[in-house]
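Please consider the structure shown below, with attention to its charged side chains and to the packing of its helices. The explanation that follows proceeds from one topic to the other.

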Amino acid sequence: MNKLIENTVEFVKEKLKGAEAGHDWYHIERVWKLSKKIAETEDCDLEVVELAALLHDIADPKFHNGDETVALKVSREFLENQQTSENVIEKVLFIIKNISFKNRAEAPENLPVELKIVQDADRIDAIGAIGVARTFNFGGFKNNLMYDPEIKPKLNMSKDEYKKSNGTTINHFYEKLLLLKDLMNTRKGKEIAAERHRFMLQFLDQFYKEWNVS
């Protein structure tokens with residue numbers, strides 16, 4: 001591990017102490033590992049991939065009143081203090097700015113491969129068994145209903161609607177998680193996502209059986 005990556009790991013661990021469990025250091029660590037796994041199959045700048053994976057949730061807007069500039073400021077300040085080149089900083093900030101699901105309609109065309117890799121890794125960590133656990137953890141954090149058969153999922157929400165949504169945790173599967181498989185960019189990302197997607201479908205099937213006391 002080079003010194004810059006090592007310092008970034010320490011910085012992120014310290015910064016995210018006490019963070020909500022779905023967006024804490026362990027989420028970052030999983031996305032970092034997944035990014036490196038996907039990067040092995042792509043021609044990319046690995047340092048940019050690792051830095052972006054490590055810093056992508058350094059200040060998640062959900063926990064900063066929706067402010068999407070905080071993460072960019074914190075990341076720039078940290079990277080400048082590490083004497084990182086401006087070229088690398090710009091690439092990392094571009095990924096942080098364009099990675100999220102809610103910003104997908106605003107993202108420019110012809111995305112760099114480094115963004116595609118980190119975006120796939122972040123989305124993969126939102127699905128499968130870990131995704132189920134994170135979703136219910138965050139729903140509990142927000143005190144959302146687990147499920148209400150009378151409340152239907154809101155599909156095709158705008159960015160503002162998505163940010164303000166307080167639907168049920170089960171509806172979140174239909175509003176986001178089950179859509180992620182088809183949004184993967186890389187071959188490896190698609191491969192990993194397919195398995196996790198199948199698990200979520202099995203989970204939902206079992207959930208409804210138990211809910212309805214079938």
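Is Lys3 buried or exposed? Lys3 has a relative accessible area of 55%, and because the cut-off for an exposed residue is over 50%, Lys3 is exposed. The model in which this value was computed is a predicted one.

Lys3 has a charged partner. Its side chain meets that of Glu6 in a salt bridge, with an N to O distance of 3.7 Å. Both residues belong to helix 1, which spans residues 3-15, and they are three residues apart, so about one helical turn separates them. Glu6 has a relative accessibility of 35% and therefore counts as partly exposed.

This pair is part of a wider set, for the count of salt bridges comes to eleven. Another of them joins Arg76 to Glu80, whose closest N and O atoms are 2.8 Å apart. These two residues lie in helix 4 (residues 70-81), with a spacing of four residues, about one turn of the helix. Arg76 is partly exposed at 23% relative accessibility, and Glu80 is likewise partly exposed, at 41%. The pair also takes part in a network of salt bridges that links Arg76, Glu80, Glu86 and Glu90.

A further salt bridge is found in helix 10, which covers residues 187-211 and contains both Lys209 and Asp205. The side chains of Lys209 and Asp205 meet at 3.5 Å, N to O. Four residues, about one turn of the helix, set them apart. Lys209 is partly exposed, with a relative accessible area of 40%, and Asp205 is partly exposed at 43%.

The packing of helices may now be considered. How do helix 1 and helix 4 cross, and at roughly what angle? Their axes come within 11 Å and cross at roughly 140°. Because angles count as roughly antiparallel when over 145 degrees, this angle makes helix 1 oblique to helix 4. The crossing of the two helices is right-handed. On the side of helix 1, the contact is made by Leu4, Asn7, Thr8, Phe11 and Lys15; on the side of helix 4, Val74, Phe78 and Leu79 make it. By class, the residues of this contact comprise five nonpolar, two polar and one charged.

Definitions and conventions:
Residues numbered from 1 in each chain as written. Predicted model: local features only at pLDDT ≥ 70, side-chain atom pairs only at ≥ 80, totals over all residues. Heavy atoms only, no water. Salt bridge = Lys/Arg side-chain N within 4 Å of Asp/Glu carboxyl O. Buried < 20%, exposed > 50% of the residue type's maximum accessible area, 1.4 Å probe, protein only. Axes fitted to C-alpha atoms, helices over the stretch in contact; angles between N-to-C directions. Parallel < 35°, antiparallel > 145°, perpendicular 65-115°, else oblique. Left-handed = near helix turned anticlockwise from the far one by under 90°. Contact = heavy atoms within 4.5 Å. Nonpolar A, V, L, I, M, F, W, Y, C, P; charged D, E, K, R; others polar.
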